[in-house]
Structures are given as structure tokens and as C-alpha cells.
Amino acid sequence: MNRRQFLQTLSAATATGLLGAAKPSSQPNIIFIYADDLGYGDVSCYGATSVRTPNIDALASQGLRFTDAHATSATCTPSRYSVMTGQYAWRKQGTGILPGDAPLIIDTHQLTLPSLLKRTGYTTGIVGKWHLGLGSGEINWNGDIKPGPLEIGFDYSFIIPATPDRVPCVFVENHRVVNLDPADPIHISYKAAFPGELTGKDHPELLKMKPSHGHDMAIVDGVSRIGYMEGGKSALWVDEDIADTLSGKAVHFIEQNSHHPFFLYYPVHDIHVPRLPNERFVGKTSMGPRGDAIAELDWCVGRIVQTLEKQGIAHNTLIVFSSDNGPVVDDGYQDDAVKKLGSHKPAGIYRGGKYSNFDGGTRVPFIAKWPDRIKSGTTSNALVDQIDLLASFASLTGQQLQHNDAPDSVDLLPALLGRSRIGRESLVEEAGALSLVDGQWKVIRGDNKAAFDPYTKTELGNAPRPQLYDRISDPGEHHDVAAAHPEIVQRMLAKLNQIQSAGRSRI
Ligand code: NG6
Ligand code: CA
């Protein structure tokens, strides 16, 4: 069946009210596994040799591996915002890296990836790192915490509210902090320590992992974090158990919903700092905690796949695996990542990494596996972006997007299923500046921000003048050719301005 026949069958099924009883292949289960800070070169199927990732590699060998796939941003919150809404995050103020007490930044009336799938009958769940804000002002962590994932389209939610290095260090299930003792309420501040609170800054002797920059405030589980916190002792997570807890919840969600189409968004905490993998993974690689966290991430992927196989639904489940931004080696803790890096290249051949305008910031692993529909062992160089999942899944489930829905999301279903090598024509990347990728060329808009981050040792790719790179002859972005091609620079900058002022980019 080609795609058109497939959609005709699907719309016929919808018209006759048969959708719920439609053949399994018309509504595959969908799982989006979203790694954190995992670089293009951090897994073996993308070239890593210092760490083995057999389970991620198996997704590729049984599915489709993309070589020119991107997150919309070189940091977490904006990339995740774009995945959820299909809108470039830079269109909306306040979508930079959020503190742990920030309000929800997604409008609850807007179409989202989960609400799109929910309205066509999917059961939707999120298990993992949220980092898109909660509540609408001051959050009471001891009561109902909303709006949040449940108000933007998820039926079930089990989340790390912000990041593993930001308070509060507790899980929130649906609207409530898990295991909270009402007699020991939680208070959070991003301004000042609570009276009597011991901080990492004043008490480094209490730490099992010390910061290298920042991260010197609240001490939880022997690790100092960003932000201050008191109370909630019974609810605090143990870092070394986070992967087991989250993967366990993901497995449970799959088992509970295996008889009905489901969408599971599984944004894992690995390999973000603080990197404290379970002892089962300690020493599994030569790279210290950063490498061992990759091994733990790979194990989590395997656990999901095994669950699907056990439930007999692997063939009819579309798994998409990717990362929210590029890699960083020292992101603020003394975890030996720099010392033990050896010859490993976290961003592969690409320049920069997390925080950078260079391609290392946004070019990420991206693999799609769906045994019923995607040919195994294939690769694609189509230009794709995670922001396109929304429009592509709308197409997959036979839904029409309204003009204002997901304004930057493009239907790339044929490319996603390996039926076509044609991806996007262009895309905008966000780091310190905005960049436009358009066919052969990439322009990074000029600005006066720092070119180098001395803390993470990242080449940020900012420069006072626009830079132009030839993506074909110079994928590593080593030769700025703006001076040789002023007319291309002008054309690209005009297109970038047009995309910005139009408020949307889907035709
Ligand atoms: C930075 C943090 C870094 C990380 C990042 C967000 C410091 C010094 N650095 O400000 O550790 O938390 O924010 O990462 O505090 S992200 O993947 O969620 O975007
Ligand atoms: Ca991240």
C-alpha cells in the first residue's frame, strides 16, 4: 500500500467510525526517546568507538538512521518546546533554559504533539525530564502542580520537573510530588538559601561530586545543584536510581496500554549532568561517568525494546530516538569527563557542541524504527528536524493541521518512513544567534556575543559579521566563505528575516 492508499483507507475508516478497530498498522504505537545532551558522535552507530551502544545501534540496523537531523536549538528548553508545539521557540519570549520554578511556557489552548495524537484516540504519556515550566506563577509544590503536561495533552505524566541539576530534586506524577510527607513540605527558591540550609559553596566537604562551575547551591544526595530547597526529604530522588525509576515507569506505561494505540514521550535524563549512572554501569567505558551514562542510556533503550517484544507489539511500534541538543564535556561538575575523553569525538566531525551555533550544537542522532513500515538497515541524508514530528504524525494519523497549528512543523512523513530522500528545504537553528540552513549553505547571523565559552570550552560560533559555510564541501564549518559570496549571504539573511517576520514557515 502506498501512502495515498494508506491515507484513503485511514480516512475511510475515520468516516465509518472504524478508527478504533482499524488495523494496527494504521495507528502504530509511537515512542519518542529523547536523550539529553547526547552528541552526534556519542553512539557507536554514528561512529563512537570508546563506548558501545548495541541497543541504539539495533534501532538503526532494524530501522532508518538519519545523518542530517537536527534539534531546533543547542539547548534543552527551546528544543523541547519546539517538539511539543511545532513552533520555533525563538518566536516566543521566555523559552530559554528555564529555572526549576518557572511557569509553564506552553499555551494550554495550542495544539501540541500529545493533544494531536490524543484527539485521534491515542493514550498519551510522558515519562522523564520536562523542563518546560509548571504552574502559572508561584508553584505550591505541596499541592496540585498545574498546569503542566496533563493540561497540554498527556493522559499520564511522571516527570523530573526541570533538569537533574536543578531543584526540586523530586519526581512529579500527574499533579503531585511522589512520596511527599505532608509534615515535611517542600520549599524552593532560586534567590537565596533557606535559613540553616547547607550549600555546596560553603560545605564542599559534604559533596560526593563537586561542581566545576555554578552548581554550588542546595545539596541533594551529596551533589550540589542550581537553586535552593528545603523539606521533602522522603521525596528526594537518588541520582543513581533515576534511570531505573524512569525506565520502569515507561515499561509500566507500555504494559498498561499495549492493547490500544499509545504515544509515549520518554525524555530520559542521561547523559545530562550530574552524571551519576547506576553502579551497574560504573566503569563500563574508559570515559568515566559521561561514557558510563551513555551505556546506561543504551540499556534504557534496550529495556523499552524488550518490553515491546514481550508484549508482541514491537512490529507495530514506531520508535524515534534522538537528542535535545549537541554534546558538552564539562557542563559544571568535576566528573572526569575532560580528563578521560581520550580520542572520543562527542560531536563527530561537527564543530562546537551544546550552546553553539556550529552544527555540533544541533545536529544529533536521529533514528526511526517501525518494522511494519520502515525498511531495516537504511540511512537517509534528508534534512529533518524534530519540530517536524508533529506535522508528520498528523499526516500519519490522517489529520489536517489548521493554518495556525504548529506553524513551523513540516510534514516529512515520506522521509521519516524512508519512502523519500527529500527532507526540508531549509531550517532555522537557535543558539546564541539564529542560523539558517538552506540546501548547500548555512549562514550564522552576526552578533556581538562571545565566540568562546571558557567554562564549557565550547566554540560558540558567534561573530560580529555573518558567517557562511558550505555544508557539502565543509561540513565541519572550518572555512567561513561569506566574503567570497556576499550575494548568497544577503539572500540567506533575507530569507531568515522573512521566516522571522512571517510568524510561520510551513507553506
Ligand atoms: C546551564 C548549566 C548546565 C546545564 C544547562 C542546561 C551552569 C554553570 N550550567 O546554565 O549545567 O544545566 O544550563 O542544560 O549552571 S539543558 O540541557 O537543560 O539545556
Ligand atoms: Ca539538553
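How many residues of strand 4 (residues 123-129) are buried? In this predicted model, seven of the seven residues are buried, so strand 4 is largely enclosed by the rest of the structure. Two pairings of this strand can be followed residue by residue. With strand 12 (residues 262-267), strand 4 pairs in the parallel sense over four bridges, and Thr-123 has Phe-262 as its bridge partner there. With strand 5 (residues 156-160), the pairing is again parallel and runs over five bridges; here Gly-125 is matched with Tyr-156.

A second region to explore is an open sheet of four strands, arranged in the order 17-18-19-22 with antiparallel pairing. Strand 17 (426-430) and strand 22 (467-470) stand at its edges; each has a single partner strand, so one side of each lacks a neighbour in the sheet. From one strand to the next, the twist averages 20°. Within the sheet, strand 18 (residues 434-438) and strand 19 (residues 441-444) are joined by four antiparallel bridges, with Leu-436 facing Val-443 as bridge partner. Helix 9 (residues 486-502) packs on this sheet and touches strands 17, 18, 19 and 22, its direction making about 110° with that of strand 18.

Helices also meet one another. Helix 2 (residues 54-61) packs against helix 6 (residues 289-311) at about 55°, with the axes 7 Å apart; the two are therefore oblique to each other. Helix 2 contributes Pro-54, Asn-55, Ile-56 and Leu-59 to the contact, while helix 6 brings Leu-297, Asp-298, Trp-299, Val-301, Gly-302 and Val-305. By class, this contact holds seven nonpolar, two polar and one charged residues.

Terms used
Residues numbered from 1 in each chain as written. Chains lettered and ligands numbered in written order. Predicted model: local features only at pLDDT ≥ 70, side-chain atom pairs only at ≥ 80, totals over all residues. Heavy atoms only, no water. Axes fitted to C-alpha atoms, helices over the stretch in contact; angles between N-to-C directions. Parallel < 35°, antiparallel > 145°, perpendicular 65-115°, else oblique. Contact = heavy atoms within 4.5 Å. Nonpolar A, V, L, I, M, F, W, Y, C, P; charged D, E, K, R; others polar. Buried < 20%, exposed > 50% of the residue type's maximum accessible area, 1.4 Å probe, protein only. Pairing = 2+ DSSP bridges.
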